[in-house]
There are 2 protein chains.
Amino acid sequence: MKKSVDRAADAIRAWILGGKYRPGDFLPGERELTGLLGVSRITVRGALARLRAEGLVRPEQGAGTRVLDFRESSGVDLLAVLAAQRMAGGPFPLDLLSDLLELRRLVAVELVGLVGERATTSDLSELRALVGQMRGVTGDPSAFMTADLRFARRLVRASRNLALELLANAIVRALEGQPGLHLAFGANAARTVIVYEHLLSLLERGRVEKARAMTRRLLERLDRSTLALVAALSGATPREPSIAGTPTAKEA
Amino acid sequence: MKKSVDRAADAIRAWILGGKYRPGDFLPGERELTGLLGVSRITVRGALARLRAEGLVRPEQGAGTRVLDFRESSGVDLLAVLAAQRMAGGPFPLDLLSDLLELRRLVAVELVGLVGERATTSDLSELRALVGQMRGVTGDPSAFMTADLRFARRLVRASRNLALELLANAIVRALEGQPGLHLAFGANAARTVIVYEHLLSLLERGRVEKARAMTRRLLERLDRSTLALVAALSGATPREPSIAGTPTAKEA
DNA sequence: AACTTCGAGTGGTATTACCACTAACCTGGT
DNA sequence: ACCAGGTTAGTGGTAATACCACTCGAAGTT
């Protein structure tokens, strides 16, 4: 059961993202919002505090709470919020998912480069172990996705860069909320494991540039297939919820 | 004048980052914090709401407010907070700045690649105009830094990727709070302009791979010099606050 | 017409009270 | 001695009310 402040924040956020209040506008006063949302001012302020942290609004004492343009004022952490928000209603965020996968791809390519320069032997052996765990759950899409994300997190740690680690957190948070994504992960599970092992052996032999190129090629193809699959799912689900796994989706 | 909730949040955040409360611990109860901080519970809750949004704590109803490990629970947006926090007191965040510049470098390289594929002629001409503006303020370090950041923002827009745009926002926020950074920008102003123009002409001729390689080389050198300069500044400032601009810092 | 003043309305903080929930303690049984 | 089960103190979440600091525009003054 979501708490009142969550629902209040979701409601106001929906108004903003839906265009009811545009950047530059002022939101209704907090006292007025209590009436519109049916909660106390305490709760309204809690909700506004979240929107403020997300970079969607900025309260101005004496004037009101101004709506901002999140393209200018928000950080990456907003992506997870946007993904979750659009899921409940509205059209499926295919464009957002595309941008998100692209960001992950670009970062991953450079990440592999860094890891190739800095990874210790213990880093690499731990990564080997994680790939081994992945091989054991190639049949369970959901379990495979979490195992894959664990591998990714460990890979990031090997880069010894706090900023990259935090960025990875934000990307993972935004991705793991996407419905149907685990299916895409599962569909390529077997091949993913093979590629990871190849990648590790390249890194162990110091073939950094080759590892980077391979990562780019692999992820470009993988992301394309993921997008096609999710698109097929989101297109089919509203009409035939029970038989979502149609051949169309599989071969995409 | 900072508001009470800001000071309260800063105080609690300092306790956490300072190790007084470790991940897994519970913070003192909200009622107890009112006494420790000298503010009302409303304000305490406001501060805790911020720390929650930053991924530093997670309130658990009935139990308490638990401290988290921000390496696991926070997103990139925390970088700006960390930079600002460590500035007031503590040692200068050189390691953090290093990670931050590295992240910017990696992203910038891939960004240039994307822009090379997608930029329209109007994108490029607008970028040309911005470089022209930068040329006009090579003498004013602070103005040059903001002009440079405007160029960067426009470059990101040319990638047509919302996630990248938000990431750029987060990086810029974290960077623009760093003291002494504008000096580093100013020191390389003239050369930066030339490089940007060269970069644009490469993009106009579709030499994407070459543009990417150049970006990487340039930023590696630039970041190294920036780090050296900031290190020199932070080393000298505590002892001779009045004559911070010593020759040692300039030639670094 | 330009300027000053003032008041209605805004977000920020304080106080008090109660609710929903958790965990540990105590109690009673086996 | 042990262990289920209910009691209880303490936690974060929500509510209602009041006041403060601040902004902005309208009314009044020059």
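Trainee: A polar contact is a pair of N or O atoms within 3.5 Å, and within protein one atom must be able to donate a hydrogen and the other to accept it, with sequence neighbours counting only if both are side-chain atoms. So which base atom of DNA strand C is 3.2 Å from a polar backbone atom of A:Gly62?

Mentor: A base nitrogen. Keep in mind that this is a predicted model: local features need pLDDT of at least 70, side-chain atom pairs count only at pLDDT 80 or more, and totals for chains, interfaces and linings use all residues. Residues are numbered from 1 along each chain as its sequence is written, chains are lettered from A and ligands numbered from 1 in the order in which they are written, and side-chain values use heavy atoms, leaving out hydrogens and water.

Trainee: Okay, and where does A:Gly62 sit in the hairpin?

Mentor: In the hairpin of β1(A) and β2(A), with three residues between the strands, A:Gly62 has a positive phi near 90°. Those strands, residues 57-60 and 64-67, run antiparallel with four bridges, and A:Val57 faces A:Val67. Strands here are DSSP runs of E, at least two residues, helices are runs of H or I, at least four, and both are numbered from the N terminus; two strands pair if DSSP finds at least two bridges.

Trainee: What about chain B: how many bridges join β1 to β2 there?

Mentor: Four, again in an antiparallel pair. B:Arg58 has B:Arg66 as its bridge partner, and B:Gly62 takes a positive phi near 90°.

Trainee: Back to the DNA. Which residues are closest to strand C?

Mentor: A:Glu30, A:Arg41, A:Arg45, B:Ser40 and B:Thr43, out of 23 that surround DNA strand C. A residue is near a strand if one of its heavy atoms lies within 4 Å. Sugar and phosphate make up 60% of the atoms of DNA strand C within 4 Å of the protein. As for phosphate oxygens, one lies 2.9 Å from a backbone N or O atom of A:Glu30, and one is 3.2 Å from a polar backbone atom of B:Ser4.

Trainee: And which element gives the most to the surface near strand D?

Mentor: α3(A), with three residues. That surface has five nonpolar, 10 polar and eight charged residues. Asp, Glu, Lys and Arg count as charged, Ala, Val, Leu, Ile, Met, Phe, Trp, Tyr, Cys and Pro as nonpolar, and the others, including Gly, as polar. The side chain of B:Arg45 has an N or O atom 2.9 Å from a phosphate oxygen of DNA strand D, and a polar side-chain atom of B:Thr65 lies 3.2 Å from one.

Trainee: New topic! How many cavities of 30 Å³ or more are there?

Mentor: Six in the whole structure. A cavity is a set of points on a 1 Å grid over the protein atoms alone where a 1.4 Å probe fits but cannot get out, and lining residues have an atom within 4 Å of a point. Points are joined across faces, edges and corners, and a volume is the space filled by probe spheres set on them.

Trainee: What volume does the largest have?

Mentor: About 540 Å³. Its lining has 34 residues, with B:Arg104, B:Ala108, B:Ala152, B:Tyr196 and B:Leu219 nearest the centre. By class, 27 are nonpolar, four polar and three charged.

Trainee: Which residues lie nearest the centre of the second largest?

Mentor: A:Arg104, A:Ala108, A:Ala152, A:Leu155 and A:Tyr196, in a lining of 27 residues. This second largest cavity holds about 450 Å³.

Definitions and conventions:
On a 1 Å grid over the protein atoms alone, a cavity is a set of points where a 1.4 Å probe fits but cannot get out, and a pocket is an open set with protein on both sides within 12 Å along at least five of seven lines; lining residues have an atom within 4 Å of a point.
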